[in-house]
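Here are my notes on the model you sent. They are set out as numbered points, to be read alongside the structure.

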Amino acid sequence: MMVLFSPKKAAVFFAFLLVFLPLALNAQEFPQGSGSGTTEINAERQAGRFPFINFEIREPESSREVAFSVQVLLLLTILSLAPSILILTTSFLRISIVLDFIKRALSLQQVPPTQVLNGIALFLTLFIMWPTFSDVYTNAFRPMAEGEMNIETAYQEASKPLRLFMFRQMSNDTTSLQLFMAMAGLERPETLADVPTHVLIPAYVLHELTVAFTIGIYLYIPFIIIDMVVASILMSIGMIMLPPVQISMPFKLILFVLVDGWTLLTQQLFVSFR
């Protein structure tokens with residue numbers, strides 16, 4: 001058996017390591033072109049600064065501070081409900097419901113996606129409500145930003161164009177308005193200004209639901225006729241197990257495309273608010 005290291009040679013090798021390894025580690029000379037460095041931390045160097053956040057809860061010192069806290073709470077509540085308020089007080093509600101009706105009437109499940117229909121409803125709402133939003137910006141937001149009026153006056157000025165828009169849409173139907181006036185226990189108003197906003201908004205929502213469902217019924221009628229015709233033909237030829245919806249859906253799509261349904265529907269929805 002061949003031995004690579006004898007005991008004498010191994011002892012010499014370990015002695016060499018013990019003598020020269022510490023010298024190599026403590027050597028201060030570096031190769032040419034290298035930079036010197038240190039692992040010590042500079043005590044004079046400033047550490048990274050982080051902002052200090054302090055939340056203080058204390059008792060109010062005056063009634064003005066109490067009123068200010070309540071105003072801030074109400075403002076945060078209004079901001080959280082702002083998307084719902086805009087949906088309920090604009091034309092978005094009617095448009096979104098009608099677009100969902102046409103999707104169901106065509107027997108479509110995934111196409112077009114709901115986000116696309118909501119996007120169309122949003123842009124139509126901007127086009128329809130643009131004069132109203134312009135009046136709100138001119139008469140309420142800009143004067144308040146410039147310090148010419150307080151929040152209460154700005155709220156009253158901003159609500160006037162929206163109230164006028166809702167009253168204009170309900171000019172031919174005051175049933176829902178009378179209903180909510182009776183629920184609130186209020187007397188018959190002499191003018192439109194006598195109708196509170198908290199009564200006007202639910203009355204407007206109920207009116208928009210009625211109008212949207214009426215439009216949906218008219219949209220369903222031609223497509224229901226196609227479904228009935230296809231179902232009658234399938235039953236007459238004995239194909240009872242074949243779902244009529246799968247056969248009628250291409251014919252409904254062909255009819256909808258031939259009459260340019262999306263353009264016609266969008267145009268009529270826009271005109272319905274004029």
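**Notes on the predicted model**

1. Start at Val-195. Leaving aside residues up to four places away in sequence, Val-195 touches Arg-163, Phe-167, Leu-177, Met-181, Pro-189 and Leu-200. Val-195 also appears in two of the points below, on the core and on the pocket.

2. This is a predicted model, so confidence comes before detail. The mean pLDDT of the protein chain is 76, and 73% of its residues reach 70 or more. Among the elements, helix H1 (residues 7-25) has the lowest mean pLDDT, 57, and H3 the highest, 88. Where pLDDT is low, the predicted coordinates should not be read in detail.

3. The secondary structure of the protein chain comes to nine helices and zero strands. Along the sequence this reads as α-α-α-α-α-α-α-α-α. Of contacts between residues at least 6 apart in sequence, 70% join residues at least 24 apart. Buried residues make up 24% of the 274 residues in the chain.

4. The largest nonpolar core has 36 residues. Those with the most contacts inside it are Ile-95, Leu-99, Ile-102, Phe-165, Leu-177, Val-195 and Leu-265. Two or more residues each come from helix H3 (92-105), helix H4 (114-145), helix H5 (151-169), helix H6 (175-183), helix H7 (197-236) and helix H9 (261-271). H3 gives the most to this core, with nine residues.

5. H3 is mostly covered, with twelve of its 14 residues buried. The buried residues of H3 include Ile-95, Leu-99 and Ile-102, which are also among the residues with the most contacts inside the core. Arg-94, Ser-96 and Lys-103 are buried in H3 as well. On length, the 14 residues of H3 should span 20 Å at 1.5 Å a residue, and its end C-alpha atoms are 20 Å apart, which agrees.

6. Two loop residues deserve a check of their backbone angles. Most residues other than glycine have a negative phi. Ser-107, just after H3, takes a positive phi of about 65°, although it is not a glycine. Ser-107 lies in the loop between H3 and H4 and counts as buried because its relative accessibility, 19%, is under the 20% cut-off. Asp-260 is the other case: its phi is near 55°, a positive value in a residue other than glycine. Asp-260 lies in the loop between helix H8 (244-258) and H9. With a relative accessible area of 41%, Asp-260 is partly exposed.

7. Which residues lie nearest the centre of the second largest pocket? They are Thr-174, Leu-177, Gln-178, Pro-189 and Val-195, out of 15 lining residues. About 270 Å³ of space lies in this pocket. H6 gives the most to the lining, with three residues. Leu-177 and Pro-189, which lie nearest the centre together with Val-195, are also among the residues that Val-195 touches.

8. Pro-143 is found in helix H4. Is Pro-143 buried or exposed? Pro-143 is buried, with a relative accessible area of 11%. Not counting residues up to four places away in sequence, Pro-143 touches Tyr-137, Thr-138, Glu-148 and Met-149. Pro-143 and Ala-154 are eleven residues apart in sequence and 7.8 Å apart in space, C-alpha to C-alpha.

Technical notes
Residues numbered from 1 in each chain as written. Predicted model: local features only at pLDDT ≥ 70, side-chain atom pairs only at ≥ 80, totals over all residues. Heavy atoms only, no water. Core = buried A, V, L, I, M, F, W, Y, C linked by side-chain atoms within 4.5 Å. Buried < 20%, exposed > 50% of the residue type's maximum accessible area, 1.4 Å probe, protein only. Helix = DSSP H or I, 4+ residues; strand = E, 2+ residues; numbered from the N terminus. Contact = heavy atoms within 4.5 Å. pLDDT = per-residue confidence, 0-100. Expected span 1.5 Å × (residues − 1). 1 Å grid on protein atoms, 1.4 Å probe; cavity = no way out; pocket = protein on both sides within 12 Å on 5 of 7 lines; lining within 4 Å. Points joined across faces, edges and corners; volume = space filled by probe spheres on them.
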